[in-house]
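This report considers the surface and the aromatic contacts of one protein model. The structure is shown first, and the description follows.

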Amino acid sequence: MLAGCGAGMCQVIITTPMEMLKIQLQDAGRLAAQQRKPAIMPSTKLGSANAVLSRSYNAGPVSVVRKVSATQIAYELLHTQGIQGLYKGLGATIMRDVPFSVVYFPLFAHLNRLGQPSPSENTPFYWSFLSGCAAGSSAAVVVNPCDVVKTRLQSLSKGVNEESYKGVVDCVSKIMRKEGPSAFLKGAGCRALVIAPLFGIAQVMYSVGVGEFILGYTPFNLYSA
């Protein structure tokens, strides 16, 4: 569990900016659809962060929406907010990824050991795949409330009547008050379906020694000595 915690802490350094850009790109289509509607977005609903990307989403006539790219979003955030702009929602990402790793790695180890024929034999690859799927999907559902909070915080561009949040505590309280506890499980099934094959395949590749096989045919072979 401690090893999983450490792995999760290291992971968020790379994944937080990637998650940030992914959410902005996913929001672009939704916001573009809202722009085509006759309703006018009140200026009070546009936060300072939304104004950062307004040139990308709202340039030109309402009927013509420019496509936005991850590079463009990253440049705008770095130019206006600095490196901290790419790490918005870091606390919520840590709340999601660290518990995920804490749950996943011990659970996979125990499930994988159940399919081991004997202490001297390796677990069959299909059992490692099933163990990875089960452990990954279980961990994904457990941390889904944190994923909901993280996504809400990292969504910079708000649409009509969408709520703005000041931080993790403010986000949790507003979701509880306006949407109820069930809102924290939104998307849990879909997230489990994505995570299950991802970690199942990863564990199979690890268990059959793909990395070691590749290293054996490279000049960086660490096992040649």
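## Nonpolar surface patch

In this predicted model, Leu114, Phe125, Tyr126, Trp127, Leu130, Ile201, Met205 and Val208 make a nonpolar surface patch of about 830 Å². Two elements, α6 (125-142) and α9 (188-207), each give two or more residues to the patch. The most comes from α6, with four residues.

Tyr126, one of the patch residues, has its place in helix α6. Its relative accessible area is 48%; Tyr126 therefore counts as partly exposed, since that class lies between the limits of 20% and 50%.

## Aromatic pairs in helix α5

The count of aromatic pairs comes to six. Among them, Phe100 and Tyr104 are stacked, with 6.0 Å from centre to centre and 5° between the planes. Both residues belong to helix α5 (residues 90-114), where they are four residues apart, about one turn of the helix. Phe100 is buried at a relative accessible area of 8%, and Tyr104 is likewise buried, at 1%.

Tyr104 also forms a stacked pair with Phe108, at 6.1 Å centre to centre and 15° between the planes. Tyr104 and Phe108 are separated by about one helical turn because they stand four residues apart in helix α5. Both Tyr104 and Phe108 are buried.

## Aromatic cluster

One aromatic cluster is formed by Phe100, Tyr104, Phe105, Phe108 and Phe199. The cluster thus includes the partners of the two stacked pairs described above, Phe100 with Tyr104 and Tyr104 with Phe108.

Definitions and conventions: Residues numbered from 1 in each chain as written. Predicted model: local features only at pLDDT ≥ 70, side-chain atom pairs only at ≥ 80, totals over all residues. Heavy atoms only, no water. Patch = residues over 30% accessible without salt bridge, like charges linked within 9 Å, V, L, I, M, F, W, Y side chains within 5 Å. Areas by Shrake-Rupley, 256 points an atom, 1.4 Å probe, with all protein chains shown as cover. Salt bridge = Lys/Arg side-chain N within 4 Å of Asp/Glu carboxyl O. Buried < 20%, exposed > 50% of the residue type's maximum accessible area, 1.4 Å probe, protein only. Phe/Tyr/Trp six-rings, centres within 6.5 Å; stacked < 30°, edge-to-face > 60°.
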